[in-house]
Amino acid sequence: FVLKGHSAGAHLVALLAAAPERALRLGATPWLGTVSLDSAALNVVAIMEGRHARLYDQAFGSDPKRWRAASPFHQLDAAMAPFLGVCSSRREDSCDQARAFTAQASRLGARARVLPVDLSHGEINELLGKEPGYTAEVESFLIDLDASFGPALAAP
């Protein structure tokens with residue numbers, strides 16, 4: 001199976017992807033890869049140390065130790081499964097964080113890449129499976145993980 005999440009869900013799947021041993025210790029089965037759909041919270045420490053929206057205070061609190069624990073960037077482990085970070089090219093913070101995250105993951109030996117798309121934050125979730133070019137890129141990532149995704153994705 002593949003982990004996939006959008007927005008806050010993208011942050012959560014990235015956190016699991018960055019530190020897979022957390023999930024594995026709890027009995028999770030290893031997954032083939034992760035698709036993170038437009039998270040702007042891949043580096044929680046940087047967000048919290050800079051100017052940020054109040055919603056981040058509600059989500060991450062005021063304790064720097066908690067920020068680090070909740071930050072996919074700071075939890076990156078070489079054991080990470082392949083990762084696709086989809087980001088809205090209309091949101092600077094999303095793509096910048098995806099690029100930094102995937103660059104660090106690549107330095108650790110993980111297979112990770114960014115897919116910037118000219119869609120809004122909501123459209124990234126809404127149009128996956130409907131917008132042909134974007135969908136084909138995500139499907140290509142999935143097929144690279146396991147060829148058996150090909151026939152399943154081609155089915156009506």
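In the predicted model, the largest nonpolar core comprises 15 residues, of which L76, M80, F83, F101 and A105 touch the most other members. Helix 1 (8-18), strand 3, helix 7 and strand 4 (112-117) are the elements that each contribute two or more residues to this core. The largest contribution, four residues, comes from helix 7. Leaving aside residues up to four places away in sequence, M80 is in contact with A17, A18, P20, F101, A105, A110 and A112. A separate core of 13 residues is also present, and its members include V35, V86, L115 and L145.

Two members of the largest core, F83 and F101, also form an aromatic pair. Their ring centres are 4.8 Å apart and their planes meet at 55°; the pair is therefore classed as tilted, a label that applies to angles between the stacked limit of 30 degrees and the edge-to-face limit of 60. This pair connects distant parts of the chain, with F83 in strand 3 (residues 83-88) and F101 in helix 7 (residues 92-107), 18 residues apart. Both F83 and F101 are buried.

The count of aromatic pairs in the model is two. In the pair formed by Y56 and F60, the ring centres are separated by 6.2 Å and the planes by 10°, so this pair is stacked. Here the partners belong to a single element, helix 4 (residues 54-60), and are four residues apart, about one turn of the helix. An α-helix has 3.6 residues a turn, so residues three or four places apart point the same way. Y56 and F60 are both buried.

Helix 7 was examined further. This helix has 16 residues and spans 23 Å between its first and last C-alpha atoms, close to the 22 Å expected at 1.5 Å a residue. Its buried residues are S94, C95, Q97, A98, F101, T102 and A105. Because these residues cover an arc of only 165° around the axis, they lie on the same side of helix 7. The exposed residues E92 and R107 are carried on the face turned away from that buried side. The cover over the buried residues of helix 7 includes helix 1, helix 3 (44-49), helix 6 (72-75), strand 3 and strand 4. Just after the helix, G109 adopts a positive phi of about 100°.

One of the buried residues of helix 7, Q97, is contacted by N43. N43 is located in the loop between strand 2 (33-37) and helix 3. With a relative accessible area of 17%, N43 falls under the 20% limit and is therefore buried. Its other contacts, residues up to four places away in sequence being excluded, are S71, F73 and H74.

Positive phi values also occur outside glycine. Most residues other than glycine have a negative phi, and most peptide bonds are trans. D38, although not a glycine, has a positive phi of about 65°. This residue is found in the loop between strand 2 and helix 3, and D38 is buried, with a relative accessible area of 0%. S7 likewise has a positive phi, near 60°, and is placed in the loop between strand 1 (2-6) and helix 1. Its relative accessibility of 29% makes S7 partly exposed.

In helix 9 (residues 132-145), T135 is buried, with a relative accessible area of 8%. T135 touches L127, L128, G129 and K130 when residues up to four places away in sequence are not counted. The C-alpha atoms of T135 and I124 are 9.8 Å apart, the two residues being separated by 11 positions in sequence.

Overall, the protein contains 10 helices and four strands, arranged from the N terminus in the order β-α-α-β-α-α-α-α-β-α-β-α-α-α. The radius of gyration is 15 Å, close to the 15 Å given by the globule rule for 156 residues, so the protein is as compact as a globular protein of that length. Along the principal axes, the C-alpha atoms fill a box of roughly 50 × 35 × 25 Å. Of the 156 residues, 43% count as buried. Among contacts between residues at least 6 apart in sequence, 69% join residues at least 24 apart.

Key: Residues are numbered from 1 along each chain as its sequence is written. This is a predicted model: local features need pLDDT of at least 70, side-chain atom pairs count only at pLDDT 80 or more; totals for chains, interfaces and linings use all residues. Side-chain values use heavy atoms; hydrogens and water are left out. Rings of Phe, Tyr and Trp (its six-membered ring) pair if their centres lie within 6.5 Å; planes under 30 degrees apart count as stacked, over 60 as edge-to-face and the rest as tilted. Buried means under 20% relative accessible area, exposed over 50%, partly exposed in between (1.4 Å probe, protein chains only). A nonpolar core is a set of buried Ala, Val, Leu, Ile, Met, Phe, Trp, Tyr and Cys residues joined through side-chain atoms within 4.5 Å. Contact means heavy atoms within 4.5 Å. The expected span of a helix is 1.5 Å times one less than its number of residues. The arc is that of the directions from the helix axis to the C-beta atoms. The radius of gyration is taken over C-alpha atoms; the globule rule is 2.2 Å times the number of residues to the power 0.38.
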